[in-house]
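Visitor: Please take a close look at one loop residue with an unusual backbone angle, and then connect it to the other features that can be described here.

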Amino acid sequence: MSKPLIREVPPTSWYFRHPRYLRYMAREITSLFIGAYCVFLVFAMHSLAAGPSSYEAFLLTLRSPASIAFHVLALVAALYHAATWFNATQKAMPIQLGEEFVPGNLISGAHYLAWAVLSIAILFLAGVF
Amino acid sequence: MKERLVQLEVLRYNPDTDTTAHFQRYEVSCPEEGVVLDALNKIKETIDPTLNYRWSCHMAVCGSCGMMINGEPKLSCHAFLREYDGVIRVEPLAHFPVERDLVTAPDDFIEKLKRVKPYLIPKAPKPISEGEYLQTPAQLKKYHRFTLCINCMLCYAACPEYGLTPKFIGPAAISLAHRYNLDSRDGGRDARQEVIASKEGVWECTFVGACSEVCPVHVDPASALQQVKIASSIDWIKEHLLPGGGK
C-alpha cells in the first residue's frame, strides 16, 4: 500500500507562497493597465474622428480626478513593466565578443538609453520642447 | 567548538501508515558553523533513526540533498544554520511526489532529461582515426555555464509553472538541451527542438525567473530558456515567412 504523497499546488493562491512570485504577478498585472491604456487611446482617436465638439468633451473628461488617477497608475505600471523588461534583456540576449561576454549591465543599459532617446524624440515631435 | 541549539520542524510522511503528512519538531545542538544537513544527521544519529532524507557529498556537488528550507528550495548541505532565526521548517522538494519524509521521487525529471537527448550528436559520422573534435576557448565559453548543472532539481521546486503544469519539460532539462545546441561539435539541434520548442517545452515558461534565483551553481536556467524562445521564434519566422523555408 506504499503510495507517494502528492502535495498539490493551490492553483489560485500559489503566488502568496514567496515574495518572488508576488513580484512576478505584479509584473503580469501591469499588462492590464497597458491594455486598458490601449483601449483608452482607441477612445481618444474615436472622439477625435467624431469632430471638434466631441474631442473637446473628451479633453474635459481627461481633467477629471478619476482620469488623472488612471493615468498615474498606468504610468507607474508602464515604468515597472519597462524596467523589468529591460533588466531581463541581458538574460535573453547575451552577446559574446571574441571569447568574453559583454557585461549584462551594458545590454540592459543600451535598452534604457534607446528608451530615453525615443521618448525625447516623441516629446520633441509632440512639441513639448 | 561553539555550539548552538537548533529547532527543526520536519515534514514526516510514512507511505505505509500515513494518508497525510505532518510536522515533527526536533531540538538538537550543532556546531555554530553547521548546515541544516548536519542538524538532520544529528537528529538521525541521536534522536530519531526513522527520519529519511537523501544526501551524499556534503559539499554542494552531488545535488542529492535538495529540500525546502523555510519555503525556499536549498541544498541542505549549503544552508547554514547561522543564517536562520527561530524554528527552521524543513520540507521535501516542492512539486515532486513524496516517497517518505524528505525523500522525493525524481522519476519525472529523469524522464524529461532523457527526452531532450542530453549528449553530443555529431553532425556526421567521423572515424576515430580522423582525430578529436577541436574547439576554441570562445566556442567552449559559449555553453560552459550551462554544463554546470548538478541535477539537484531545486529549479523545478522553485518553478510555479512546473508545479501547476507538470508536463512542462522544465528549467534544467531545457537548459541542458540548450547547452548541447550551443556546442560547436553538435549536430542534434533539430531532434532536440522537436521536444523543447513544443508547447510542453519552452513555451510553457512565463519567465518567473525563480529557477535562476535558487540555482546553487548559477547555471541561470531562465537565461537559457529565454534564449531558446528567441532561437525557436527565429526558426518559425524562417520556416513560415521566408521563401523556401529559409533553407
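**A loop residue and its wider setting**

Guide: B:His58 is partly exposed, because 17 other C-beta atoms lie within 10 Å of its own (20 or more would make a residue buried, 12 or fewer exposed, and anything in between partly exposed, with C-beta atoms placed from the backbone). This is a predicted model, in which local features need pLDDT of at least 70 and side-chain atom pairs count only at pLDDT 80 or more, while totals for chains, interfaces and linings use all residues. Residues are numbered from 1 along each chain as its sequence is written, and chains are lettered from A and ligands numbered from 1 in the order in which they are written.

B:His58 has a phi near 60 degrees, a positive value in a residue other than glycine. Its loop runs between helix H1 (36-46) and strand E3 (66-69) of chain B (helices, H or I, of at least four residues and strands, E, of at least two are DSSP runs numbered from the N terminus). B:Asn70, in the loop between E3 and strand E4 (72-75) of chain B, has a positive phi near 50 degrees. With 17 C-beta neighbours inside 10 Å, B:Asn70 counts as partly exposed.

B:Thr136 occupies the loop between helix H2 (107-115) and helix H3 (137-144) of chain B. With 11 other C-beta atoms within 10 Å, B:Thr136 is exposed. B:Ser184 is 48 residues away from B:Thr136 in sequence, yet their C-alpha atoms are 9.3 Å apart.

Helix H9 (residues 221-241) of chain B has 21 residues and should therefore span 30 Å, which agrees with the 30 Å between its end C-alpha atoms. Its buried residues are B:Pro221, B:Ala222, B:Ser223, B:Ala224, B:Leu225, B:Gln226, B:Gln227 and B:Val228. Among the elements covering them are H3 of chain A and, from chain B, helix H4 (154-158), helix H6 (171-181), helix H7 (189-196) and helix H8 (210-214).

In chain A, H3 (residues 65-92) also packs with H1 (residues 19-49): their axes come within 8 Å and cross at roughly 130 degrees. H1(A) and H3(A) are therefore oblique to each other (under 35 degrees is roughly parallel, over 145 roughly antiparallel, 65 to 115 roughly perpendicular, and the rest oblique). Residues in contact have C-beta atoms within 7 Å; among those of H1(A) are A:Phe33, A:Ile34 and A:Tyr37, and H3(A) contributes residues including A:Leu73, A:Tyr80 and A:His81. By class, the contact of H1(A) with H3(A) has nine nonpolar, four polar and one charged residues (Ala, Val, Leu, Ile, Met, Phe, Trp, Tyr, Cys and Pro are nonpolar, Asp, Glu, Lys and Arg charged, and the others, Gly among them, polar).

How values were computed
Axes are lines fitted to C-alpha atoms, for helices over the stretch in contact, and angles run from 0 to 180 degrees between N-to-C directions. Two residues are in contact if their C-beta atoms, placed from the backbone, lie within 7 Å. The expected span of a helix is 1.5 Å times one less than its number of residues.
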